[in-house]
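Please read the following account with the sequence and the coordinates open beside it. The text begins with the packing of helices, then turns to the sheet and its peptide bonds, and ends with the relation between the chains.

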There are 2 protein chains.
Amino acid sequence: MHILVTNDDGVHAPGLLALAQAVKKIADKVTILAPDHNWSASGHVKTLHRPLRVEKTLLEDGTSAWASDGAPSDCVALAQLGFIPEKIDLVVSGINPNANIGHDVTYSGTVTAAMEAAIWGIPGVAVSLDRPEDHTGLIDYGPAAEAARRVINWLWQQDGLPEDMVLNVNVPYGPLEEMKGFRITRQGLRIYRDELVRRLDPRGKPYYWIGGDTPIGVEEPGTDYGALLSGFVSITPLQLDLTSHGMKHWLETRDFEGGFSVSEN
Amino acid sequence: MHILVTNDDGVHAPGLLALAQAVKKIADKVTILAPDHNWSASGHVKTLHRPLRVEKTLLEDGTSAWASDGAPSDCVALAQLGFIPEKIDLVVSGINPNANIGHDVTYSGTVTAAMEAAIWGIPGVAVSLDRPEDHTGLIDYGPAAEAARRVINWLWQQDGLPEDMVLNVNVPYGPLEEMKGFRITRQGLRIYRDELVRRLDPRGKPYYWIGGDTPIGVEEPGTDYGALLSGFVSITPLQLDLTSHGMKHWLETRDFEGGFSVSEN
């Protein structure tokens, strides 16, 4: 198994190092190609309007890695388009220092890197750590990396692993022994608590920060947020088809001036 | 009805002007807040790491507008967070000079602006023009703007319009009379034909372009791509919940070392 490791916090982020070290235990080969700077909340990017650079770099433990000035999804595309000549079997993205749950998934560079993998027909796994808001100091990524390793190891042993499988894995913060287990979940609802902060620059001109409190979630059983709250590792399978079949039905049952012609299926 | 108009090509793009002029005919008030530069293929962005600027500007027809250095989704967030004090009833994004179909929707700034609206509980409509690859010269956005006006006008007259309704509207290129009608569709599959182009800079160092041919689609009845090919305006309702229930079932029926604890529902 050849695993590509990327992230959205930059190639030198400690979360990536922990993840790369964990997957090395189960992969025949691990390649690291990640952004050279932080792309958090950058969404799904395809950089077409400018060229991309890729430089060799060394991680803290001496592992060699590639750093690109592209977005996380660009890194996956670069690898798949031939920058990495060897066939890639799985893409792993993370470990993000904050949970990616609910609506976060469309904003998240960590998750969109896994989605980009699926577009190329490679399973993608995004790994995020649900670090408590009040946690300060060094973050221990070890337990989350081990949880991710177990999920990936299990996944790889399955027959008929779908090529466009995207797993959004969120791990509670704390020792592995204290986790309750693993749960397959659905995407929950985020509650954003953004506030607009208006300030004046030294020249008296206004500028605006999107500030406010960190987002919370709607506590519902079966969701990513619900699983984390109960101490479980949350595993949410995601898809690239965003069609709302509920809304499609709603639209199809109504009359449109001039006539909607309803699709064949 | 108070409509917010935005886009991903920049506030001075002709597609935005055509769309704003069309929706003025049906709205009580139209506010324009759009990026000050092109954000194509930028995905769903929330700019938290730097402040945002918003400047007054005038469109070609003398309409006043706001230009921000944020992404399309930032423009929607800024408006909704209070930069635009009046309540917004609907967000319209476009007109993009190329179709946004299949997997494009997660990359598309045009579509993610409409998705951002839905996160704030406001219906969002993304409008894109399926301009033929070989079309050169001035683009006529008039027919697409009129098609969008009809869809929005119809939508607004419906009882119980879902607050998180996201419509991805793609319009064929050409006169309105030649369009076959409107079709409610599902998201199809894109086929990307990207190629990696490696070049050397004047100092002999390599750089990489994501190049190749423009994407095509898988021709299937009922899809966005299928509708466009048949000459119909495609209307695809999208959702923010990316859970793959098919994959969820696949995962739940398999055994996990240590045991996945399957979610309650």
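In this predicted model, a good place to begin is chain B, where helix α1 (residues 14-24) of chain B packs against helix α5 (residues 142-157) of chain B at an angle of about 40 degrees, the two axes lying 9 Å apart. Because of that angle, α1(B) is oblique to α5(B), an angle under 35 degrees being needed to count as roughly parallel. The crossing in which α1(B) passes α5(B) is right-handed. On the side of α1(B), the contact is made by Ala18(B), Leu19(B), Gln21(B), Ala22(B) and Val23(B), and these meet Gly142(B), Ala145(B), Glu146(B), Ala148(B), Arg149(B) and Ile152(B) of α5(B). Sorted by class, the residues of this contact are 7 nonpolar, 2 polar and 2 charged.

A second pair of helices in chain B can be read in the same way. The axes of helix α2 (residues 72-83) of chain B and helix α4 (residues 109-119) of chain B come within 7 Å and cross at roughly 25 degrees, which means that α2(B) is roughly parallel to α4(B). This crossing of α2(B) and α4(B) is right-handed. From α2(B), the residues Pro72(B), Ser73(B), Cys75(B), Val76(B) and Ala77(B) take part, and from α4(B) their counterparts are Gly109(B), Thr110(B), Thr112(B), Ala113(B), Glu116(B) and Ala117(B). The contact of α2(B) with α4(B) divides into 6 nonpolar, 4 polar and 1 charged residues.

From the helices we move to the sheet, described here in chain A. In chain A, 9 strands form an open sheet with mixed pairing, and they follow one another in the order β3-β4-β2-β1-β5-β6-β7-β11-β8. At its edges are β3 (54-58) and β8 (182-184) of chain A, each of which pairs on one side only, and from one strand to the next the twist averages 25 degrees. Within this sheet, strand β1 (residues 2-6) of chain A runs parallel to strand β2 (residues 29-35) of chain A, and 4 bridges join the two. One residue to look up there is Val5(A), whose bridge partner in β2(A) is Ile32(A).

Strand β5 (residues 90-96) of chain A holds Ile95(A), and the peptide bond that leads from Gly94(A) to Ile95(A) is cis, with omega near 0 degrees. As general background, most peptide bonds are trans. In chain B, Gly94(B) and Ile95(B) are also joined by a cis peptide bond, with omega about -5 degrees, and Ile95(B) is found in strand β5 (residues 90-96) of chain B.

It remains to ask how the two chains are related. Chain A is superposed on chain B by a rotation of 180 degrees with 0.0 Å of shift along the axis, and the RMSD is 0.0 Å; the two copies are therefore related as by a two-fold rotation axis. The residue of chain A that comes closest to the rotation axis is Gly43(A), its C-alpha lying at 2.3 Å. The same surface serves both copies, since 100% of the contact residues of chain A recur in chain B.

Across the interface, 71 residues of chain A are in contact with 71 residues of chain B. The largest share of the chain A side, 5 residues, comes from helix α2 (residues 72-83) of chain A. By class, that side has 36 nonpolar, 22 polar and 13 charged residues.

Definitions and conventions
Residues numbered from 1 in each chain as written. Chains lettered and ligands numbered in written order. Predicted model: local features only at pLDDT ≥ 70, side-chain atom pairs only at ≥ 80, totals over all residues. Contact = placed C-beta atoms within 7 Å. Nonpolar A, V, L, I, M, F, W, Y, C, P; charged D, E, K, R; others polar. Axes fitted to C-alpha atoms, helices over the stretch in contact; angles between N-to-C directions. Parallel < 35°, antiparallel > 145°, perpendicular 65-115°, else oblique. Left-handed = near helix turned anticlockwise from the far one by under 90°. Least-squares fit on C-alpha atoms with pLDDT ≥ 70 in both. Pairing = 2+ DSSP bridges.
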